[in-house]
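Below is a colleague's note on the model, set out as numbered points. Please read each point with the sequence and the coordinates open beside it.

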Amino acid sequence: MWTRRGLLASGGVAAVVGTTGTALSLAGAVDLSGPPDFTFVSMPDFFNADVADLRGLSTWDGGMNSWNQWWQLATDTCLTAVAAHRPDAVLVAGDQVEGRWNIDSYGRQIFGQVSQGTDEVSLAMCRSAITRAGQVYYSHYKKVFADRDLPLYPAIGDHEILDDRSGPLDRRWSSSGTHKGRPDNRYYLVDHAKSVWADHFTRSSSGAPVHRRRPVGSQQELTAYSVDFAGVMTLITVDVFHRTGNGVRLGVFGPQLEWLEKEVKRAKRKGRVAVVQGHIPALGPYRVFASGNLHMPEGERSAFWQALERAGADFYLCGEVHDATAIQPGARKPVQISHGCTYRHGFSYLVGRVWKGGRVELEYHEMPQVSQSEELGIWATDAAKLAPNRISYSLPVVRGRMEWEDGTILNRTEKLGVFDPANDPYAYQKPPTGLLGRARKAPRPGTPGS
């Protein structure tokens with residue numbers, strides 16, 4: 001049996017996957033002949049930060065940037081590792097950006113003036129800023145994947161709708177216009193933030209929907225979609241943020257829920273593996289690290305999970321919690337895999353290989369962070385969300401494997417094994433900081449030395 005220590009000692013991916021890239025079968029499992037019919041990588045919460053070069057903007061003030069050579073190198077390192085698996089699709093289940101674009105802690109007005117008021121003038125300013133920030137950060141995001149020929153299939157996360165705040169799960173976006181006694185207009189900007197995201201990922205330059213299969217007529221019409229791959233797998237992406245009259249409810253409801261169930265049933269009728277992608281977990285317990293821990297309050301009793309079971313979904317892939325856990329609540333029931341990373345502390349990804357006949361092999365990879373500076377030099381509109389100026393990563397290491405067929409888990413190891421919260425040797429740990437040399441804190445933009 002592989003152990004974490006053994007994997008590290010044996011050289012990580014090369015030792016487990018082999019130099020040819022051919023998958024090795026686990027002890028007792030049938031060896032798979034021939035290459036898979038479809039390969040995907042799932043990597044929620046990448047970047048989970050505002051990352052782009054701001055210097056070309058007409059509003060550039062010479063202050064702190066959202067990009068530098070260290071982040072360039074880190075991005076190259078991580079996405080080169082992903083590209084080495086030659087995925088046919090890359091799934092990102094939300095939190096592509098930091099996204100607090102209705103805030104301007106430093107008053108730089110890089111994306112224009114903003115205000116936390118709920119009056120129409122304040123909201124109009126914020127909508128304009130969100131549109132401009134989305135153009136910068138989402139365009140860069142798409143480019144880093146396109147430059148490596150990695151086909152991208154994202155989902156909406158909480159950071160794409162201005163990030164959650166503390167409070168009851170279904171009240172993280174308050175219609176009161178305040179949060180803890182301070183002005184907070186995020187709730188009134190959710191629809192616009194989703195529309196800006198759609199402009200870059202699910203709507204063409206002419207405004208036409210990119211995906212034919214989507215929940216037409218629902219509030220998620222442009223943030224949920226279904227795609228068939230190679231005749232062996234269907235990806236159904238859902239939007240788990242349902243705006244109501246007094247908040248944002250976590251889960252899938254109404255017309256989107258009906259559409260989801262039909263799409264899963266359609267995939268199963270055609271003999272495909274049905275994979276659902278959404279941002280937050282439905283089931284627990286799970287590993288969690290440096291997260292607001294958004295999840296569906298009703299758990300296994302949620303309308304979402306009940307629909308997955310009724311329709312016969314095979315996998316639910318989600319992010320948000322920044323560590324990996326695999327849960328199958330009963331025989332032949334859907335398998336939830338919560339995973340992903342908070343990129344400033346570490347990078348991870350899940351490789352899925354699918355064969356005709358419904359055989360699936362999963363490998364979970366982590367790329368440990370070699371170092372991280374104490375200097376916070378990557379700018380975000382909210383001063384509380386600046387990122388480390390310098391980060392770097394080592395080679396990927398396999399931290400878990402799973403073999404699955406026709407609803408049954410045949411083998412599972414490490415982080416894709418059974419999770420015991422009382423005895424868990426695999427939980428993610430925050431890396432040490434300052435290994436690149438202790439640096440002074442980044443100066444405030446506009447001050448000497450900035």
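Contact, as the word is used in this note, means that heavy atoms lie within 4.5 Å of each other.

1. The model is a predicted one, and every point below should be read with that in mind. In the protein chain the secondary structure comes to seven helices and 21 strands, and buried residues make up 58% of its 450 residues. When the contacts between residues at least 6 apart in sequence are taken together, 71% of them join residues at least 24 apart.

2. With the contact cut-off stated above, what does T342 touch, if residues up to four places away in sequence are not counted? The residues are N48, F289, A290 and H322. T342 itself is placed in the loop between β13 (335-338) and β14 (347-355), and its relative accessibility is 9%, which means that T342 counts as buried, the limit being under 20%.

3. H322, which is one of the residues touched by T342, deserves a look at its backbone, since its phi is near 65°, a positive value in a residue other than glycine. This residue sits in the loop between β11 (315-318) and β12 (325-327). Is H322 buried or exposed? Its relative accessibility is 8%, and H322 therefore counts as buried.

4. A positive phi in a residue other than glycine is also found at N293, where the value is near 60°. N293 belongs to the loop between β10 and α7, and with a relative accessible area of 25% it is partly exposed, because that class covers the range between the 20% limit for buried and the 50% limit for exposed.

5. Two cis peptide bonds should be checked by eye. The bond from G284 to P285 is cis, with omega near 0°, and P285 lies in the loop between β10 (273-277) and α7. The bond from F46 to F47 is likewise cis, with omega near 5°, and F47 is placed in the loop between β1 (38-42) and α3 (69-83); here neither of the two residues joined is a proline.

6. Turning to the helices, α6 (residues 254-269) packs with α7 (residues 303-311) at an angle of about 25°, and their axes are 9 Å apart. The pair therefore counts as roughly parallel, because the cut-off for that description is an angle under 35 degrees. The crossing of α6 and α7 is right-handed. On the α6 side the contact is made by L257, L260, E261, V264, K265 and K268, and on the α7 side by A303, F304, A307, L308, R310 and A311. By class, the residues of this contact divide into eight nonpolar, no polar and four charged.

7. Helix α7 also has a relation to a sheet, since α7 lies across β10, β11 and β13 and runs at about 145° to β11. These strands can be found in an open sheet of six strands, whose order is β6-β7-β10-β11-β13-β12 and whose pairing is mixed. Why is one side of β6 and of β12 left without a neighbour in the sheet? Each of them stands at an edge and has a single partner strand, so one side stays without a neighbour. From one strand to the next, the twist of this sheet averages 20°.

8. At the β6 edge, β6 (225-229) and strand β7 (residues 233-237) run antiparallel and are joined by five bridges. Within this pairing, D228 has T234 of β7 as its bridge partner.

9. A further open sheet has seven strands in the order β3-β2-β1-β14-β15-β20-β21, again with mixed pairing. Its edge strands are β3 (152-154) and β21 (408-412), each of which pairs on one side only, and the twist averages 20° from one strand to the next. Inside this order, strand β15 (residues 359-367) and strand β20 (residues 397-405) pair in the antiparallel sense over eight bridges. One of the residues to look at there is E361, whose bridge partner in β20 is E403.

Key
Residues numbered from 1 in each chain as written. Predicted model: local features only at pLDDT ≥ 70, side-chain atom pairs only at ≥ 80, totals over all residues. Heavy atoms only, no water. Axes fitted to C-alpha atoms, helices over the stretch in contact; angles between N-to-C directions. Helix = DSSP H or I, 4+ residues; strand = E, 2+ residues; numbered from the N terminus. Parallel < 35°, antiparallel > 145°, perpendicular 65-115°, else oblique. Left-handed = near helix turned anticlockwise from the far one by under 90°. Nonpolar A, V, L, I, M, F, W, Y, C, P; charged D, E, K, R; others polar. Buried < 20%, exposed > 50% of the residue type's maximum accessible area, 1.4 Å probe, protein only. Pairing = 2+ DSSP bridges.
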